[in-house]
Amino acid sequence: MTTCTVNLRLYPSRSSCFCYSSSFSPSSTPFTLKTPNKLLFYGVTPSKMQYQQTLAPLLSRRLFLPSVSGIWDALTGGNSPREAVISIRKGMLLFRQGDVSGSLTEFDRAIELDPRQKAYLWQRGLSLYYLDRFEEGAEQFRLDVAQNPNDTEESIWCFLCEAQICGIDEARRKFLEASVDPRPVMRQAYNMFKDGGDPEKLVSAFSNGKEHEYFYASLYAGLYYESQNNPEAAKVHMLNACQSPYGLRSDDYMAALAKVHCLSRNWNSN
């Protein structure tokens, strides 16, 4: 019997530790992101980790599967999980660059290499949305929420997909319930999509708040107007999100998404 030793590094947050396989060093990844408390992660984005006090519950799922894949790879000697994670990173980079179709190709390749990835690939759902493949996008987000019922953003994105398929009323009837989001801006956005509401009030509530709060309020106000088939109002808020300080400077995947949204609709500030 061959004995395989896996060396793990622990990256502590306020209340928990996260494990990384030694074969996946954050410093060796194609790109890395910093969370507000300066922790380095790979293959994930800080879109759902804006507050230090809520890092642990919001990060666990995002980090779990790549970490498990790396450990499994080390234990079995297989390359498929490692290659799958690389494909996910490539897909995320392509999406950031505006190549939505190319990003989906990489995400699908990751699933072929390691089928376990599918239930966690929220990035794939976003790409499907921007390729107008709404049924597949809704399926992806439902899979994700089944794994993590605390994810309010994926509940919203499932609604956005299904609103394009069956209309707002039916999409709202099928709305995926999620637990209370620790972020005030996302609590209000979630309730707005779930029960109906005024996007202008959402933006106004956070116009003088933290930079990321204003960005997310503008982003989801724009998306709400899009679901209501009001492209002019959607354009105003989505451009505001892109041009906000957070939208311009942040490495958040959702900041890149706002830019992709505007590019895909040929929206600009001129």
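Here are some worked exercises on a predicted model.

**Exercise 1. Work out how confident the predictor is, and where the score is below 50.**

Start with the average: the protein comes out at a pLDDT of 79. Next, look at the share of residues that score at least 70, which is 71%. Now for the weak part: over residues 1-65 the pLDDT is below 50. Beyond near neighbours in sequence, that stretch still has 143 contacts in the model. Keep the low score in mind when you look at those contacts.

**Exercise 2. Sketch the overall make-up of the protein: secondary structure, burial, contacts and surface.**

Count the elements and you get 13 helices and four strands. Then turn to burial: of the 270 residues, 53% are buried. For contacts, take the pairs at least 6 apart in sequence; 57% of these join residues at least 24 apart. Finally, the surface: about 12,000 Å² is exposed, and carbon and sulfur atoms supply 49% of that area.

**Exercise 3. Find the largest nonpolar core and say which helix gives the largest share of it.**

A bit of background first: in soluble globular proteins, nonpolar side chains tend to be buried together. Here the largest such core has 61 residues. Trp 157, Phe 193, Leu 219 and Tyr 220 have the most contacts inside it. The largest share comes from helix H10 (residues 211-227), with nine residues.

Now zoom in on Tyr 220. Leave out residues up to four places away in sequence, and Tyr 220 touches Glu 153, Ile 156, Trp 157, Met 186, Ala 189, Met 192, Phe 193 and Met 254. Trp 157 and Phe 193 are on that list, and both are also named among the core residues with the most contacts.

**Exercise 4. Describe how helices H2 and H13 meet.**

Two packed helices are described by the angle between their axes and the distance between the axes. Take the distance: the axes of H2 (residues 80-96) and H13 (residues 253-264) come within 9 Å. Then the angle: they cross at roughly 45°. Angles under 35 degrees would count as roughly parallel, and 65 to 115 as roughly perpendicular. H2 and H13 are therefore oblique to each other. On the H2 side, the contact is made by Gly 91, Met 92, Phe 95 and Arg 96. H13 brings Tyr 253, Ala 256, Leu 257 and Val 260.

**Exercise 5. Decide whether Asp 132 and Asn 229 are buried or exposed, and check their phi angles.**

Asp 132 is in the loop between helix H4 (122-130) and helix H5 (134-147). Its relative accessibility is 53%, and the cut-off for exposed is over 50%, so Asp 132 counts as exposed. Its phi is near 60°, a positive value in a residue other than glycine.

Asn 229 lies in the loop between H10 and helix H11 (231-243). With a relative accessible area of 67%, Asn 229 is exposed. Asn 229 isn't a glycine either, yet it has a positive phi of about 60°.

**Exercise 6. Place Arg 82 and Gly 167, then give the C-alpha separation for each listed pair.**

Arg 82 is in helix H2, and at 33% relative accessibility it counts as partly exposed. Its C-alpha is 9.4 Å from that of Ala 110, 28 residues apart along the chain.

Gly 167 is in the loop between helix H6 (152-166) and helix H7 (168-173). At 26% relative accessibility, Gly 167 is partly exposed. For Gly 167 and Gln 228, 61 residues apart along the chain, the C-alpha atoms are separated by 9.1 Å.

Methods. Residues are numbered from 1 along each chain as its sequence is written. This is a predicted model: local features need pLDDT of at least 70, side-chain atom pairs count only at pLDDT 80 or more; totals for chains, interfaces and linings use all residues. Side-chain values use heavy atoms; hydrogens and water are left out. pLDDT is the predictor's confidence in each residue, from 0 to 100. Contact means heavy atoms within 4.5 Å. Helices (H or I, at least four residues) and strands (E, at least two) are DSSP runs, numbered from the N terminus. Buried means under 20% relative accessible area, exposed over 50%, partly exposed in between (1.4 Å probe, protein chains only). Accessible areas come from the Shrake-Rupley method with a 1.4 Å probe; for residues, only the protein chains shown count as cover. A nonpolar core is a set of buried Ala, Val, Leu, Ile, Met, Phe, Trp, Tyr and Cys residues joined through side-chain atoms within 4.5 Å. Axes are lines fitted to C-alpha atoms, for helices over the stretch in contact, and angles run from 0 to 180 degrees between N-to-C directions. Angles under 35 degrees count as roughly parallel, over 145 as roughly antiparallel, 65 to 115 as roughly perpendicular and the rest as oblique.
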